[in-house]
Amino acid sequence: MSAEHEMNRRLLKELLDRPGNGSCVDCRAADPTWASFTLGVFMCQSCSGLHRSIPHISKVKSVLMDGWHAAEVKFMASTGNYAAQAKYEQNVPPFYYRPTYRDCHVLREQWVRARYERNEFVCVEQQEPYSTGYREGFLWKRGRDNGQFLSRKFILSEREGALKYFNKHDAREPKATMKIQTLNATFQPAKIGNPNGLQITYLKDNSTRNIFVYHEDGKEIVHWFNAIRAARFHYLQVAFPGASDTDLVPKLTRNYMKEGYMEKTGPKHTEGFKKRWFTMDDRRLMYFKDPLDAYARGEVFIGSKENSYTALAGLPPSTQGNRWQFGITIVTPDRKFLFTCETEEEQRDWIAAFQRVINRPMLPQEYAVEAHFKHKP
C-alpha cells in the first residue's frame, strides 16, 4: 500500500473519534467501519449494504480495507454524521419511527431511503402518506380460519378514531373496527413469513385480537406503520394534554418484550403440560396454540412486586406432567401459574422479561386493566 493511502486511512480512523462518528449514522450501532464518500457519513457494515441499493446517491467504502483519495478524506472531514443528520433530518415528525440496528430490514431500508433518496424530512410535503390523519389502501391480510392471505381494503381515520378493514372491496360496512385508543403495530417478518409482515393488535372485549398483514412494497407498509403511529400520537396529545412529546413517543407502538414457546398447565396444576406460543406484551402475557392465531387461548396480567407479583425459577416439588425441565412459577394475588422452558437460556430470558415488568410500579390506568382482567385457564 502506498504511503498516501496509509496516511488517508489513518486520517479516516481519526475522524471516527469525532463526536457523532463513533456510531452508525443510520442505526446507531457502535464502531462503524464503513463510510459513504458521497454523503460524508460513517456507518456499520449492515447499513452499508442498504446504501448500495441507492448507488445514484451514496457510494460506500470500507474504512479499514479500501483505498481512499485525499479529496474523499477531506470531504469526510468537512461533513461527518452530525452535519449530515442536521441536513437530512431537519423535519422528522416526533411520531416517525427511527429504527436501530435491532430492527428489521424493511424499517432500516426505508429509513435510509426516506432521508437520502426521498428527502422526506427536508421536503415536508413528502410526508403526506402518513401525516394527514387519513390513509386508505389495500393490504394482504391473513384469514383468521384458513390462514390464506387475501387483499383487503383498510381505512385509517383519525377523525373517526379507528382503523377499519373490509372483506369486500365494495363493502359498505367494515369487517372490523379497531379503535386507535388500543391499537398497536409491530413488524414480524419471521413470524408472518414475509419481509414486510406487520402484526396489528387491538383490544376487543378486553381481549387482544391479532391481525397479520403485509404489502409487497416496503415503502407502503412502513408508511402504514408510521400513519398508525401518527394517529396514536394525535390521540394521546388530546388524551394527555400536559404530556411532552418525549413522554408520548414511547407509547405510540411497542415491540413485544419476549415471544416463544413454553409449556403450561391448568389452574389445578394436575393437568398435563401443553406446548403453547407465548407473547409478552408489556403487562399482558398471552398464549396461543399457534403463533398466527387471531385470539389468545388465555391472558395473564403481570403486575408489580408491590402488589405481590413474583417470578420464580423452578416448579413446586409435587408438579408432574411436564416434559421440559426448566420451570417458571409466576405468583399473582389470585393463583400461581406454572410454565416450563426447553432450555435454561429460555428460562433465564423469560424470567428477565417478567422481572422487568414486576420491578416497575403500576400506573393508575394499569390498576383498571388489572381489575377488569379475566384470567383464562
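These legends describe several close-up views of one predicted protein model. In this predicted model, local features need pLDDT of at least 70 and side-chain atom pairs count only at pLDDT 80 or more, whereas totals for chains, interfaces and linings use all residues. Residues are numbered from 1 along each chain as its sequence is written, and side-chain values use heavy atoms, with hydrogens and water left out.

**View 1. The whole protein, with eleven helices and 17 strands.** Helices (H or I, at least four residues) and strands (E, at least two) are DSSP runs, numbered from the N terminus. The C-alpha trace spans about 75 × 55 × 45 Å along its principal axes. Of the 377 residues, 50% count as buried (under 20% relative accessible area; exposed is over 50%, partly exposed in between; 1.4 Å probe, protein chains only). Among contacts (heavy atoms within 4.5 Å) between residues at least 6 apart in sequence, 53% join residues at least 24 apart.

**View 2. The open sheet of seven strands.** The strand order is E7-E6-E5-E4-E10-E9-E8, and the pairing is antiparallel. Two strands pair if DSSP finds at least two bridges between them. Strand E7 (176-179) and strand E8 (184-187) stand at the edges with a single partner strand each, so one side of each has no neighbour in the sheet. On average, neighbouring strands are turned by 35° against each other, direction ignored. Axes are lines fitted to C-alpha atoms, for helices over the stretch in contact, and angles run from 0 to 180 degrees between N-to-C directions.

**View 3. Strands E9 and E10 and the helix on the sheet.** E9 (residues 198-204) and E10 (residues 207-214) pair in the antiparallel sense over seven bridges. Lysine 204 has serine 207 of E10 as its bridge partner. Helix H8 (residues 218-239) packs on the sheet and touches strands E4 (134-142), E5 (149-157), E6 (162-166), E8, E9 and E10. The direction of H8 makes about 120° with that of E4.

**View 4. Edge strand E7 and alanine 176.** E6 and E7 run antiparallel and are joined by four bridges; leucine 163 has methionine 178 of E7 as its bridge partner. Side chains alternate along E7: Ala176 and Met178 point to one face and are buried, while Thr177 and Lys179 point to the other and are not. Alanine 176 counts as buried because its relative accessibility is 11%. Apart from neighbours within four places in sequence, alanine 176 is in contact with Leu163, Lys164, Tyr165 and Tyr202. The C-alpha atoms of alanine 176 and tyrosine 165 are separated by 5.8 Å, and the two residues are eleven apart along the chain.

**View 5. Edge strand E8 and its partner E9.** The two strands pair in the antiparallel sense over four bridges. Alanine 185 stands opposite isoleucine 200 in E9. From E8, Asn184 and Thr186 point one way and Ala185 and Phe187 the other way; all are buried.

**View 6. Strand E17 and its two partners, E11 and E16.** Five of the six residues of E17 (residues 336-341) are buried. Strand E16 (residues 326-331) runs antiparallel to E17, with six bridges between them, and a hairpin joins E16 to E17 through four residues. Isoleucine 330 stands opposite phenylalanine 337 in E17. Strand E11 (residues 258-264) also pairs with E17 in the antiparallel sense, over two bridges. Here glutamate 263 has threonine 340 of E17 as its bridge partner.
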